[in-house]
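User: Hi! I'm new to this one and would like a friendly walk through it. Could you show it to me?

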Amino acid sequence: MDGEVVLLTGASEGIGRALAKQLSAKGARLMLVARNQARLDTLIAELPGEAVAFALDLTELDRLSELIAATLAHYGRLDRLILNAGITMWSRVEDLTDLSVLERVMRVNYLATAHLAHAALPALKQSRGHYAVVSSLTGLTGVPTRSGYCASKHAVMGFFDALRIELRGTGVDVTLLCPDFVVTQTHKRAMGADGQALGETPMQESKIMTADACAAQMIKAIEKRQRLWLGSARGRLGRWLKLLAPGLIDALAARAIERRR
Ligand SMILES: NC(=O)c1ccc[n+]([C@@H]2O[C@H](COP(=O)([O-])OP(=O)(O)OC[C@H]3O[C@@H](n4cnc5c(N)ncnc54)[C@H](OP(=O)(O)O)[C@@H]3O)[C@@H](O)[C@H]2O)c1
């Protein structure tokens, strides 16, 4: 990572903020993206290494190429694109009263991610660089109350599995990162049935992984350009069990939501 230029989205909070701190400590030169400029500025003040903030709402799809242009203008190259920004929802399908939730989740988690990946392609081909994409275990299996979120993460997985094949022989790799539950702002910010933020976390936060621990494990996978990283033992086991006993995986997913961990 030392000296590498890394563009990281969703850097103002949670997993992204933890990634920024650990990447900076490893010597990466960072372009940090989120909407909240003040949060990015306080983060940069804490970082040991070089970093620049670019405040942007990633759903402004026609502005995403500005992020790549700004990175190249400042650093002259791009080595890794870490696509981490994301939002979530928390509602059973039958309870949804604001169906725009489905579109909003898809726009941030899938469309913005895919558009930014497209904009970064020439620069990453030039550097034989790397996409690291923060998906979720919900990108691999359905989880109740998270239908729109699951759909967006399945879309991300499909997009990058296809792109990985298109990039064979170019030296550009794709890593898909699938955390289990992590303590971050995302659960408080999750959109409920009416499209409004829940305001408080439904999770048992003392029982789930910290953002720092998640970031440390992700960075190991990113450094190795690993194809896929699964963030928990139940995630790794579930991948195999889904083929052999899919009903059991459904029951485990339902239980995880009931137990909030
Ligand atoms: N926490 C978990 O349990 C968990 C589990 C599996 C996967 N994940 C995934 O991990 C990633 C990071 O999530 P997190 O848990 O760290 O959430 P978080 O604490 O809510 O942070 C989300 C980040 O995304 C940014 N963001 C959201 N919407 C944006 C937009 N329209 N434009 C630009 N930036 C935007 C936020 O910044 P601003 O608000 O400043 O824009 C923030 O920096 C997401 O992709 C999430 O789906 C999380």
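Analyst: Here is a short tour of the cavities, the cores, the ligand site and a few single residues. Keep in mind that this is a predicted model.

User: Good to know. Let's start with empty space: how many cavities of 30 Å³ or more does the structure hold?

Analyst: There are two of them. The largest has a volume of about 40 Å³, and the second largest comes to about 30 Å³.

User: Which residues line the largest one?

Analyst: Its lining is made up of T9, L58, L83, N84, A85, V108, A112, T113 and L116. Helix α4, which spans residues 100-127, gives the most to that lining, with four residues.

User: And how does that lining divide by class?

Analyst: Six of the residues are nonpolar and three are polar, with no charged residues.

User: What about the second largest cavity, which residues line that?

Analyst: For the second largest cavity, the lining consists of L83, N84, A85, N109, T113, V133, V134, K153 and V156. Three elements give two or more residues each to it: α4, β5 (130-134) and α5 (147-166). By class, this lining has five nonpolar residues, three polar and one charged.

User: Okay, switching to the packing. How many residues does the largest nonpolar core have?

Analyst: That core has 35 residues, and L67, Y131 and F160 are the ones with the most contacts inside it. Several elements supply at least two residues each: the strands β1 (5-9), β2 (29-34), β4 (80-83), β5 and β6 (173-178), along with the helices α3 (64-75), α4 and α5. The largest share, six residues, comes from α4.

User: What lies apart from it?

Analyst: Another core, of 30 residues, lies apart from that one, and A20, L40, L47 and V134 are among its members.

User: Why would nonpolar side chains be buried together at all?

Analyst: It is a general tendency: in soluble globular proteins, nonpolar side chains tend to be buried together.

User: Makes sense. Now the ligand: which residues come nearest?

Analyst: Of the 31 residues around the ligand, S12, R35, Y149, T184 and R189 come nearest.

User: Where does R189 reach the ligand?

Analyst: An N or O atom in the R189 side chain is 2.7 Å from an oxygen atom of the ligand. K153 has a polar side-chain atom 2.9 Å from a ligand oxygen atom. With Q185 it is the backbone: an N or O atom there lies 3.2 Å from an oxygen atom of the ligand.

User: Wait, K153 came up before, didn't it?

Analyst: Yes, K153 is also one of the residues lining the second largest cavity.

User: Let's look at single residues. Is V182 buried or exposed?

Analyst: V182 counts as buried because its relative accessibility is 5%, and the cut-off for buried is under 20%. V182 sits in strand β7 (residues 182-183). V182 and L81 are 101 residues apart in sequence, and their C-alpha atoms are 21 Å apart in space.

User: And D79, where is that?

Analyst: D79 is in the loop between α3 and β4. With a relative accessibility of 9%, D79 is counted as buried too. The D79 side chain reaches the backbone nitrogen of V5 at 2.8 Å.

User: How about D98, buried or partly exposed?

Analyst: D98 is partly exposed, at 22% relative accessibility. Its place is the loop between β4 and α4. D98 and L83 are 15 residues apart in sequence, with 27 Å between their C-alpha atoms.

User: Last topic, backbone angles. What is phi of R225?

Analyst: Phi of R225 is near 50 degrees, which is a positive value in a residue other than glycine. R225 lies in the loop between α7 (211-223) and β9 (228-230), and R225 is partly exposed at 27% relative accessibility.

User: And what is phi of R260?

Analyst: For R260, phi is near 60 degrees, again a positive value in a residue other than glycine. R260 is found in the segment after α9 (246-259). Its relative accessible area is 28%, so R260 counts as partly exposed.

User: Thanks, that helps a lot!

Technical notes. Residues are numbered from 1 along each chain as its sequence is written. This is a predicted model: local features need pLDDT of at least 70, side-chain atom pairs count only at pLDDT 80 or more; totals for chains, interfaces and linings use all residues. Side-chain values use heavy atoms; hydrogens and water are left out. On a 1 Å grid over the protein atoms alone, a cavity is a set of points where a 1.4 Å probe fits but cannot get out, and a pocket is an open set with protein on both sides within 12 Å along at least five of seven lines; lining residues have an atom within 4 Å of a point. Grid points are joined across faces, edges and corners, and a volume is the space filled by probe spheres set on the points. Ala, Val, Leu, Ile, Met, Phe, Trp, Tyr, Cys and Pro count as nonpolar, Asp, Glu, Lys and Arg as charged, and the others, Gly among them, as polar. A nonpolar core is a set of buried Ala, Val, Leu, Ile, Met, Phe, Trp, Tyr and Cys residues joined through side-chain atoms within 4.5 Å. Buried means under 20% relative accessible area, exposed over 50%, partly exposed in between (1.4 Å probe, protein chains only). A residue is near a molecule or strand if one of its heavy atoms lies within 4 Å of it. A polar contact is a pair of N or O atoms within 3.5 Å; within protein, one must be able to donate a hydrogen and the other to accept it, and residues adjacent in sequence count only if both atoms are side-chain atoms.
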